Amino acid sequence: MNVFEPHLHLPITLGTELLVEIADLKLRTKSSLIGMENSSYLIIKLSSQDFEAGLADEKGGSGELIVRYLFKGSVYGFKTRLLKVLTEPDRLAFVSYPAKIEEFNVRHNPRYECILPAETIFGDETVELVIVDISMKGCRCVIRTSTVADRDRLYSSIDIDRVIPMRIDLPGVEERLGMKGRIRNINKDHDRVIFGVLFDEPDEKAEETLGRFVSLMSDIEK
């Protein structure tokens, strides 16, 4: 575990999915980071009316929140204090910039940078994507929204814990590698979506094919 000192750069990007907990009430919700002022405050978009009500009930309590999120293979966590809640034009919470950030590395399988064309399906649309790093357990994917027919529909379809099919082009392999995976984290902006996928248990043939590619990448990086 690493501990970051106060006011160092927060390892996060706008759009990162957050798990926010009201410390006194043990009430949790998934939210997202939509803005920040370094060393001053963060702006979190609230996704639950019940949680918003919990924040209102908390005014007489400690006002302490616990925030956790996944970023580049590590889980980060910090404590913060509620500064202000807005209900119009959207449900937003302003919270204090963390004084201390803890990092917990949960990646047990090394990932290797790559550029692998692939595709998946959201709704009834086949979507082209690029895998930018990969391991035996998962990968990180990028979708350029300019290549998608309906960007808003894509944004609404990509959710944490959604299981998606994937077909991956591996060099030297004639057939695309078929995998399934669960979306574990998402970053969205105006022209691309970046998301991490944890693979479901592949069949023996797919695992062997992926293993050969990961072994090759490991040899190259030695």
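**Strands, turns and backbone geometry**

Strands S2 and S3 form a hairpin in which four residues lie between them, and Lys 26, which sits in that turn, has a positive phi of about 55 degrees. The model is a predicted one, and the angles and distances given here are computed from it. The two strands of the hairpin, S2 covering residues 17-22, pair in the antiparallel sense over six bridges. To place one of these pairings in the structure, look at Val 20, whose bridge partner in S3 is Thr 29.

Strand S2 also has a partner in strand S5, residues 64-71, to which it is joined by four bridges, and these two strands run antiparallel. On this side Glu 21 stands opposite Ile 66 in S5. Strand S2 can therefore be followed as a shared partner, since two strands count as paired when at least two bridges are found between them, and S2 has six bridges with S3 and four with S5.

From the strands we can turn to the backbone angles. Most residues other than glycine have a negative phi, and most peptide bonds are trans. Against that background, Ser 39 has a positive phi of about 65 degrees although it is not a glycine. Ser 39 is found in the loop that links strand S3, residues 27-37, to strand S4, residues 41-45, and with a relative accessible area of 39% it is partly exposed.

A second case is Asp 161, a residue other than glycine whose phi is positive, near 80 degrees. Asp 161 belongs to the loop between helix H2, residues 151-157, and strand S12, residues 163-168, and at 33% relative accessibility it counts as partly exposed. The peptide bond between Glu 88 and Pro 89 is cis, with omega about 0 degrees, and Pro 89 lies in the loop that runs between strand S6, residues 74-86, and strand S7, residues 92-96.

Helix H2 brings us to a last residue, Arg 151, which is placed in this helix. What does Arg 151 touch, once residues up to four places away in sequence are left out? Its contacts are Thr 145 and His 190. In the case of His 190, the two residues are 39 residues apart in sequence, while their C-alpha atoms are 9.3 Å apart in space. Arg 151 is partly exposed, at 37% relative accessibility, a class that covers values between the 20% limit for buried residues and the 50% limit for exposed ones.

Terms used:
Residues numbered from 1 in each chain as written. Predicted model: local features only at pLDDT ≥ 70, side-chain atom pairs only at ≥ 80, totals over all residues. Heavy atoms only, no water. Buried < 20%, exposed > 50% of the residue type's maximum accessible area, 1.4 Å probe, protein only. Contact = heavy atoms within 4.5 Å.
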